[in-house]
2 protein chains.
Amino acid sequence: MRRGPGRPPSSHAQRAIRAAAARLFARHGYSGTSVRDIAAGAGVDPALVNRHFGSKEGLFLATMSVDEDFRGLVDGPLGELGRAILTRVVTRMDGPGGGVFAALVGALALPEVRAHLARSTDEHVVGPLARRLSGPDADLRARLVGAQLHGLLFSLHVSPDPELAQRPRAEVLDAYARALQALIDDPTA
Amino acid sequence: MRRGPGRPPSSHAQRAIRAAAARLFARHGYSGTSVRDIAAGAGVDPALVNRHFGSKEGLFLATMSVDEDFRGLVDGPLGELGRAILTRVVTRMDGPGGGVFAALVGALALPEVRAHLARSTDEHVVGPLARRLSGPDADLRARLVGAQLHGLLFSLHVSPDPELAQRPRAEVLDAYARALQALIDDPTA
DNA sequence: GTCTATACCTTGATAGAC
DNA sequence: GTCTATCAAGGTATAGAC
């Protein structure tokens with residue numbers, strides 16, 4: 001939180017609302033969390049939530065982001081990039097990020113949530129990857145890697161496949177990495 | 001609709017409610033469609049909806065299913081199965097099925113919706129595919145093909161990537177089919 | 001500027017009349 | 001079998017206290 005002139009200091013209530021919202025949204029989703037629940041969790045009056053964040057949607061957008069989970073995902077040697085991408089993203093998402101991703105998917109009916117997920121994926125994954133790939137259709141292949149990534153996160157955290165979730169992560173990542181690598185490698189080489 | 005003894009005939013109102021619900025849920029999602037909207041679209045009283053289908057959730061489950069879109073998806077020669085799966089599912093989902101899938105994902109907060117999507121994927125895709133695959137980890141590889149499938153449908157219909165959606169379908173399917181095939185082929189062969 | 005109390009509207013659901 | 005009346009929950013806006 002930046003303080004200083006030109007920006008009002010965030011009150012204790014604001015921080016408490018943020019913390020309660022981050023916890024409840026990640027755990028129970030957007031529609032499963034009421035503004036009154038968040039206010040109760042933060043120990044403040046329900047009206048304060050909209051006072052500080054404009055609306056329930058505004059608070060959701062202020063607290064739920066996958067930018068930190070996606071940043072830097074496609075750095076590293078191209079030859080083993082599939083495995084590297086999956087190791088990083090799954091490790092991060094096994095923390096609180098998994099709930100954040102699931103909450104975002106559950107709130108995709110909100111246009112701003114759609115925009116956030118699309119922008120974050122483009123900015124941190126598809127864009128940087130497309131610039132690094134060689135061979136034909138680099139942009140298309142990078143976008144499909146993004147689709148694969150969403151597919152695995154979906155099956156682990158949004159609509160969890162129990163059999164998949166219980167297996168040793170290393171086995172799952174090794175197998176899925178082969179599929180990612182099939183799009184990362186130059187098909188003409 | 002089957003008629004006959006032992007089964008009460010479905011009234012005109014029931015059919016009208018079904019039709020309106022299928023259209024509105026697929027177009028505006030679960031939370032974006034109110035029971036009153038559906039009743040208005042069907043030209044009936046709002047109370048009739050819950051009278052006939054128990055609840056909004058009951059009506060949703062009675063009208064939104066991907067069984068028809070997923071059935072028979074993994075039939076055909078193993079050597080080109082990746083391409084065949086994608087051609088079939090994308091063709092079907094470019095019709096009304098795309099909206100149905102998106103609506104189901106948007107309603108995954110409901111446990112019964114989760115169960116339906118998991119069961120349908122297992123019954124029509126993962127199960128039959130696992131029984132056909134040779135080589136190690138057949139079950140794991142089949143589950144990951146399911147994850148890939150969800151990933152593409154997600155990027156085409158749930159959180160649509162405009163660049164991906166506008167490209168010629170053949171290009172997209174050819175490239176993604178390589179990634180599916182990497183899990184279908186026996187890795188030790 | 002920060003917080004509280006309160007009221008309003010939409011929506012899912014139900015009870016009971018006809 | 002169908003409709004009217006009504007309730008509870010929840011998102012939102014506003015008036016006013018401190």
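**Surface near DNA strand C**

In this predicted model, 16 residues lie around DNA strand C, and those that come nearest are Ala47(A), Arg51(A), Val35(B), Arg36(B) and Lys56(B). Of the strand atoms that come within 4 Å of the protein, sugar and phosphate account for 46%. By class, the surface near DNA strand C is made up of 6 nonpolar, 6 polar and 4 charged residues.

Several helices supply this surface. At least two residues each come from α3 (46-53) of chain A and from α2 (35-42) and α3 (46-53) of chain B. The largest share, 4 residues, belongs to α3(A).

Three polar contacts with DNA strand C are set out below.

| Residue | Protein atom | Atom of DNA strand C | Distance |
|---|---|---|---|
| Ser11(A) | polar side-chain atom | phosphate oxygen | 3.4 Å |
| Val35(B) | backbone N or O atom | phosphate oxygen | 2.7 Å |
| Arg36(B) | polar side-chain atom | base nitrogen | 2.8 Å |

Ser11(A) thus approaches a phosphate oxygen with its side chain, while Val35(B) approaches a phosphate oxygen through a backbone N or O atom. The side chain of Arg36(B), in contrast, is placed 2.8 Å from a base nitrogen. Val35(B) and Arg36(B) are also among the residues that come nearest to the strand.

**Relation of the two chains**

Chain B is superposed on chain A by a rotation of 180° with 0.0 Å of shift along the axis, at an RMSD of 0.0 Å. The two copies are therefore related as by a two-fold rotation axis. Within chain B, Gly151(B) has the C-alpha nearest this axis, at 1.7 Å. Both copies use the same surface, since 100% of the contact residues of chain B recur in chain A.

**Aromatic residues**

Over all chains, a search of the whole structure gives 7 aromatic pairs. One of them joins Phe25(B) and Tyr30(B) in a stacked arrangement, with 6.0 Å centre to centre and 20° between the planes. Phe25(B) and Tyr30(B) are both buried. Tyr30(B) also pairs with Phe60(B), here edge-to-face, with 5.0 Å centre to centre and 75° between the planes. This second pair links distant parts of the chain: Tyr30(B) sits in the loop between α1 (12-28) and α2 of chain B, whereas Phe60(B) belongs to helix α4 (residues 56-63), and the two are 30 residues apart.

The burial of this second pair can be stated in values. Tyr30(B) counts as buried because its relative accessibility is 17%, which is under the 20% limit. Phe60(B) counts as buried because its relative accessibility is 0%. In chain A, Phe25(A), Tyr30(A) and Phe60(A) form one aromatic cluster.

**Fold of chain A**

The secondary structure of chain A consists of 10 helices and 0 strands. Read along the sequence, the pattern is α-α-α-α-α-α-α-α-α-α. The C-alpha trace of chain A spans about 60 × 40 × 25 Å along its principal axes. Chain A has 189 residues, of which 48% are buried. Among contacts in chain A between residues at least 6 apart in sequence, 66% join residues at least 24 apart.

Definitions and conventions:
Residues are numbered from 1 along each chain as its sequence is written. Chains are lettered from A and ligands numbered from 1 in the order in which they are written. This is a predicted model: local features need pLDDT of at least 70, side-chain atom pairs count only at pLDDT 80 or more; totals for chains, interfaces and linings use all residues. Side-chain values use heavy atoms; hydrogens and water are left out. A residue is near a molecule or strand if one of its heavy atoms lies within 4 Å of it. A polar contact is a pair of N or O atoms within 3.5 Å; within protein, one must be able to donate a hydrogen and the other to accept it, and residues adjacent in sequence count only if both atoms are side-chain atoms. Ala, Val, Leu, Ile, Met, Phe, Trp, Tyr, Cys and Pro count as nonpolar, Asp, Glu, Lys and Arg as charged, and the others, Gly among them, as polar. Copies are superposed by least squares on the C-alpha atoms of residues with pLDDT of at least 70 in both. Contact means heavy atoms within 4.5 Å. Rings of Phe, Tyr and Trp (its six-membered ring) pair if their centres lie within 6.5 Å; planes under 30 degrees apart count as stacked, over 60 as edge-to-face and the rest as tilted. Buried means under 20% relative accessible area, exposed over 50%, partly exposed in between (1.4 Å probe, protein chains only).
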